[in-house]
Amino acid sequence: MLKRSKSKARKWVCHRTCQMHTQSTGSQGPSFHVLRNVRKLSKLLEKTSSLGIDIIYSNLLKNSFGFLALNPTYIINSAPFYLDTFAMEVESGKTYLLRIINAALNDELFFAIAGHNFTVVEVDAVYTKPFTTEAILIAPGQTTNVLVQANQKPGRYFMAARPFNDAPIPVDNKTATGILQYKGIPNSLLPTLAQLPASNDSEFALNYNKKLRSLNSPKFPADVPQKVDRKLFYTIGFGKDSCPTCVNGTRLLATLNNISFVMPQTALLQAHYFNLKGVFKADFPDKPPKPFNYTGAPLTASLGTSRATRLSKIAFNSTIELVLQDTNLLTVESHPFHLHGYNFFVVGTGIGNFDPVKYPANYNLVDPIERNTAAVPTGGWTAIRFRADNPGVWFMHCHLELHTGWGLKTAFAVEDGPGPDQSVLPPPTDLPPC
Ligand SMILES: [Cu+2]
């Protein structure tokens, strides 16, 4: 996939899913200015395995639940706990800024440090209204900056990360650990255990996400689209496909509006820019063909799932509202959705079927969180808004690698604008083929 950066240089870069090792920007904001002695440390939460990533990916595509047999583990800035444990030394009285990145492939994670609260000040490189929490929830590809005060009795305190999964499916419930260690404390001291929410704690997840608000200050305003030019409603589901070489002769597909995305052989942006025919169709439906009880009893019969490379064409500078609705097509599940090329505002979220008459009245159009990856809760919905002012072709996909590999994605083809700096530039002559 080709992505043009939003920097002034207007570079084209080769881009796959931007979920590995995503790094937030390093700019400082008003929340930090009042603090002294703030040290910045990055936390990389990852999932690893004795097998290489390519082998894992290949297995995911062949075997619906192959990942469970791979015995992966989770790590914090380091090797698995049985080989090594990451330790971060702190000095009493100082405040530390932790940049936390979820670089795991398939799991939303809780993260906490024993005895120490976090003050959340940033997500996905956007300032938030600061709030205090005992643990954070972070999805693959998301970043979170928190302040931690070394204000406890000098000692050793475990930091811990563990998956959040409230869907009725098996979960790999291992815990990754690191250590927050006060200066001068010997390694022989047993660390205090960290408390994490239960792995299926939906209430914590919903409440945590509700606390996330844009800073919305004069310097960092929240420019939320108040008027919507086009409303989109996409259902998230699973489907089955025959696969002679797979276990049981079938494999799972994942779908938006019951369409499982097929990756093209030619890059979408190239096809868009050069107007190549036969690579994709710009006819992705704005809503599912028929409304149904999306989150009712599990739906397994006559799924009618199709596989296609279908995009939605978006007018330049139009304002878009997209409601992502989880369904019980095979199973409900939480899906962190990521949009390339844009930040969006999460104006509403809830459990059950989205009600287009009632729910928009309760949208937060003042200080909703602005980010680029947001969870659609298990059996629920999430509404986002953005202004399509960045021309090009932009993927939107579930950030669980398993699901995006099964086709849980589509792309927006945003048309060029009329201005001199509002068109996709030609690719550079030395652009490497993906
Ligand atoms: Cu998903």
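1. Start with Phe158: which residue is its bridge partner in β13? In this predicted model, Phe158 is matched with Ile179. That pair belongs to a longer contact, since strand β12 (residues 156-164) and strand β13 (residues 176-182) are joined by six bridges. The two strands run antiparallel.

2. Now zoom out to the sheet around that pair. β12 and β13 sit in an open sheet of five strands, and the order reads β5-β13-β12-β7-β10. Pairing across this sheet is mixed. If you're tracing the borders, look for β5 (86-90) and β10 (136-138), the edge strands, each of which pairs on one side only. On average, neighbouring strands here are turned by 25° against each other, ignoring direction.

3. Further along the chain, have a look at strand β24 (residues 380-387). Is β24 mostly covered or mostly open? Mostly covered: of its eight residues, seven are buried. As a general reminder when you look at side chains, those of a regular strand alternate between the two faces of the sheet.

4. Who pairs with β24? One partner is strand β19 (residues 319-326), which runs antiparallel to β24 and is joined to it by seven bridges. For a handy landmark in this pairing, find Gln325, whose bridge partner in β24 is Trp381.

5. Strand β21 (residues 344-351) also pairs with β24, again in the antiparallel sense, over six bridges. Which residue of β24 does Thr349 stand opposite? It's another threonine, Thr382.

Technical notes:
Residues numbered from 1 in each chain as written. Predicted model: local features only at pLDDT ≥ 70, side-chain atom pairs only at ≥ 80, totals over all residues. Pairing = 2+ DSSP bridges. Helix = DSSP H or I, 4+ residues; strand = E, 2+ residues; numbered from the N terminus. Axes fitted to C-alpha atoms, helices over the stretch in contact; angles between N-to-C directions. Buried ≥ 20, exposed ≤ 12 C-beta atoms within 10 Å, placed from the backbone.
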